[in-house]
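I opened my notebook to work through one structure slowly, writing down each thing as I looked it up. My plan was to begin with one loop and then work through the other parts.

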Amino acid sequence: MKALLDTDVLLDVALRREGFFQASAALMGWGEAHPARLSVAWHSLANLFYLVRPDPREFIMELLEFVDVPEVGRKEMLAALGFPMSDLEDAMQVATALAGGAEFVVTRNLRDYRRSPVPACSPEEALKRLQHG
């Protein structure tokens, strides 16, 4: 079983967000013990670079030791544009999940994934699924 981590989950850990850090960090800890079972979208790494200060390069390098970054391009972008989702960035996450063979997207923003062709779940639920799947 594989899962794609949405940017918000990565930010929970990188920024140690109160109330969210523990669940997201536990999930990423599981990922470290199970390399390539978690993936991230290419554009999520750029988002991290602009949102995490002072410099998230070390965090990104450590992340890349155990997560996959599926290859995406024009075909996936066209698919994302056609998904019945209101947020294009979320649709891009879904297109990346499909490209990488992820069974679900891990996010705290479940509302925006209601119409996603790939199911979404919280970090807590994802950890349960991955541990038992």
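**Entry on two loops.** I began with Ala 36, which lies in the loop between helix 2 and strand 2. I kept in mind that this is a predicted model. The phi angle of Ala 36 is near 70°, which I noted as a positive value in a residue other than glycine. Its relative accessible area is 40%, so I wrote Ala 36 down as partly exposed.

I then looked up Arg 16, in the loop between helix 1 (7-14) and helix 2, where phi is near 50°, again a positive value in a residue that is not glycine. Is Arg 16 buried or exposed? Arg 16 has a relative accessible area of 58% and is therefore exposed, since exposed begins over 50%.

**Entry on charges over rings.** Staying with Arg 16, I found that this residue lies over the face of Phe 21, at 4.1 Å from the ring centre. I also noted Arg 108, whose charged end sits over the ring of Phe 20, 3.7 Å from the centre of that ring.

**Entry on the sheet.** Next I followed the strands, and I found an open sheet of 5 strands in the order 3-2-1-4-5, with parallel pairing. Which strands stand at the edges? They are strand 3 (67-68) and strand 5 (120-121), and because each has a single partner strand, one side of each is left without a neighbour in the sheet.

Further in, I looked at strand 1 (residues 3-5) and strand 4 (residues 104-106), which run parallel and are joined by 3 bridges. Within strand 1 and strand 4 I could place one facing pair, for Leu 4 stands opposite Val 105 in strand 4.

Helix 2 (residues 21-33) packs on this sheet, where it touches strand 1, strand 2 (38-40) and strand 4, and the direction of helix 2 makes about 110° with that of strand 2. Helix 7 (residues 123-132) also packs on the sheet, touching strand 1, strand 2, strand 4 and strand 5, and its direction makes about 135° with that of strand 4.

**Entry on two packed helices.** I reminded myself that two packed helices are described by the angle between their axes and the distance between the axes. For helix 3 (residues 42-51) and helix 6 (residues 88-100), I wrote down an angle of about 135° and axes 9 Å apart. That angle makes helix 3 oblique to helix 6. Which residues make the contact? From helix 3 they are His 43, Ser 44 and Asn 47, and from helix 6 they are Glu 89, Met 92 and Gln 93.

In helix 6 I also looked up Thr 96, which counts as buried because its relative accessibility is 4%, and buried means under 20%. Leaving aside neighbours within four places in sequence, I found Thr 96 in contact with Leu 4, Val 40, Ala 41, Pro 70 and Val 72.

**Entry on a cis bond and a ring pair.** After helix 3 I came to Pro 54, in the loop between helix 3 and helix 4 (57-63). A cis peptide bond joins Arg 53 and Pro 54, with omega about 10°.

Last, I looked for aromatic pairs, and the count comes to 1. Phe 49 and Tyr 50 form that pair, which is edge-to-face, with 5.5 Å centre to centre and 90° between the planes. Phe 49, at 28% relative accessible area, is partly exposed, whereas Tyr 50 counts as exposed at 60% relative accessibility.

Technical notes. Residues are numbered from 1 along each chain as its sequence is written. This is a predicted model: local features need pLDDT of at least 70, side-chain atom pairs count only at pLDDT 80 or more; totals for chains, interfaces and linings use all residues. Side-chain values use heavy atoms; hydrogens and water are left out. Rings of Phe, Tyr and Trp (its six-membered ring) pair if their centres lie within 6.5 Å; planes under 30 degrees apart count as stacked, over 60 as edge-to-face and the rest as tilted. Buried means under 20% relative accessible area, exposed over 50%, partly exposed in between (1.4 Å probe, protein chains only). A charge sits over a ring if NZ of Lys or CZ of Arg is within 6 Å of the ring centre and within 35 degrees of the ring normal. Two strands pair if DSSP finds at least two bridges between them. Helices (H or I, at least four residues) and strands (E, at least two) are DSSP runs, numbered from the N terminus. Contact means heavy atoms within 4.5 Å. Axes are lines fitted to C-alpha atoms, for helices over the stretch in contact, and angles run from 0 to 180 degrees between N-to-C directions. Angles under 35 degrees count as roughly parallel, over 145 as roughly antiparallel, 65 to 115 as roughly perpendicular and the rest as oblique.
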